[in-house]
Amino acid sequence: MALLSLDDLAPGQEFTAGPITVSRDELVAFAQVYDPQPFHLDETAAKDTFVGTLIGSGWQTAALGMRLLAQALISHSTSMGSPGIASLRWLRPVLPGDALSAVVRVEEVRPSSSKPDRGMARLAMTLTNGRGEAVMTQAFAVLFARTGAVPTPRPVELAVASGPVPEPDDALPLPYLARAELGATRDLGAHRFEADDIITFARAYDPQVFHLDAAAARATHFGALCASGWQTAAVWMKRLNATFARDIALTARSGPVPQLGPSPGFKDLKWLRPVYAGDTIRYSSTLTNKRASASRPGWGIATHHNTAENQRGEPVFEFTGTVFWQWDSPAA
């Protein structure tokens, strides 16, 4: 069967996939690696948090959306990957045993004016659970090759690195959001993307050939094995949690520790360059805005801009996110 190309897509088309049922063990296993917050790890610990029950990481929900997108469209198309996500909203938490399905709608198709072998499709996806409730919406773009086109592999300079990436040992007091400094940037440390980890993530969530097989990837436009964009994003969450763990430990020595809650979503996520096997990516996060929550007394919503660069100092990733954060000390 011929692969769907850009020329086969038209506004109004819909593609569906699912359901896939997500087990408690799958939710916890992802959280242990990428998002070890109490409400993703343990039912008892979750009772005392903003959420009150065990839920899946939003980044895993996004990755499961990618798995469904692959089933619906990407795996039988000439997909060349995505440059980014215009907006993503987590509307309801994913719970153990939820059966997730996706509807993907083509919003716009635009051939490239500078590269006649490809073009971009603007897509919208809604993820629902088994009760028919929307759990996530996403507006994004995907590059597709045109009919008969074989994009040329790009030249790739692969990193040669050995030994573990050192874990930072710095720590800063974690403030309540009302007292947090706008414009403050936090270095989140670095992570090396190893080939085996790239392939393992891709098998679970993003089974495109340039994420799955080093030899096959060399023949694609990427020119070498590269990480799923969702793994790049999940590792940002991993680095944020590792940094906050040090800050929380320091803060607990002298007083109460502010709680952090889940994220309502993000916007303007851009995958600026491929992350290749062997690349070491350094992440950072800057607090750009804050406000008290109107719906959750005692809580606030923080807006943060996040960036990442590779070992050559080239930007590879950025997005603007939001998160619930305890507004002030109960005694204040």
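Let me start with one pair of residues: His 305 has Thr 320 in β10 as its bridge partner, and I should say at once that what we are looking at is a predicted model. The two strands around that pair, β9 and β10, the latter covering residues 315–326, run antiparallel and are paired over eleven bridges. They form a hairpin with five residues between them, and in the turn Gly 313 has a positive phi of about 80 degrees.

On its other pairing, β9 meets strand β8, residues 280–292, again in the antiparallel sense, here over ten bridges. If you want a place to look in that pairing, find Lys 290, which stands opposite Ala 302 in β9. The hairpin of β8 and β9 has six residues between the strands, and Gly 298 takes a positive phi near 90 degrees there. As for how covered β9 itself is, the strand spans residues 299–309, and eight of its eleven residues are buried.

Let me move to the strands earlier in the chain. Strand β1, residues 14–21, pairs with β3 in the antiparallel sense over six bridges, and within that pairing Thr 21 stands opposite Ala 99 in β3. β3 is also joined to β4, by ten bridges and again antiparallel, with Val 106 having Leu 123 in β4 as its bridge partner. The connection between β3 and β4 is a hairpin of six residues.

One residue of β3, which covers residues 99–111, deserves a closer look, namely Val 109. Is Val 109 buried or exposed? Neither label applies, because its relative accessible area is 22%, which makes Val 109 partly exposed; the limit for buried is under 20%. For a sense of distance, the C-alpha atom of Val 109 is separated by 17 Å from that of Gly 148, a residue 39 places away along the chain.

Now to a helix, α4. Its 15 residues should span 21 Å at 1.5 Å a residue, and since the C-alpha atoms at its ends are 21 Å apart, the expected and modelled values agree. The helix is mostly covered, with 14 of its 15 residues buried. Its N-terminal end is capped by Ser 57, which places a side-chain oxygen 3.1 Å from the backbone nitrogen of Trp 59.

Following α4 comes the loop that leads to β2, residues 84–90, and in this loop we find Ser 79. Ser 79 counts as buried because its relative accessibility is 11%, and its side chain makes a polar contact of 2.9 Å with the side chain of Gln 208.

That brings me to my last topic, the second largest pocket, which has a volume of about 540 Å³. Which elements give two or more residues to the lining of this pocket? They are α4 (58–72), β4 (118–128), β5 (134–145), α6 (209–212) and α8 (229–252), so that the helix and one of the strands I have just described both take part. In total 37 residues line the pocket, and those that lie nearest its centre are Gly 81, Ser 82, Pro 83, Phe 222 and Trp 271. Sorted by class, the lining has 21 nonpolar residues, eleven polar ones and five charged ones.

Definitions and conventions. Residues numbered from 1 in each chain as written. Predicted model: local features only at pLDDT ≥ 70, side-chain atom pairs only at ≥ 80, totals over all residues. Heavy atoms only, no water. 1 Å grid on protein atoms, 1.4 Å probe; cavity = no way out; pocket = protein on both sides within 12 Å on 5 of 7 lines; lining within 4 Å. Points joined across faces, edges and corners; volume = space filled by probe spheres on them. Helix = DSSP H or I, 4+ residues; strand = E, 2+ residues; numbered from the N terminus. Nonpolar A, V, L, I, M, F, W, Y, C, P; charged D, E, K, R; others polar. Buried < 20%, exposed > 50% of the residue type's maximum accessible area, 1.4 Å probe, protein only. Pairing = 2+ DSSP bridges. Expected span 1.5 Å × (residues − 1). Polar contact = N/O pair within 3.5 Å; in protein donor to acceptor, adjacent residues only side chain to side chain.
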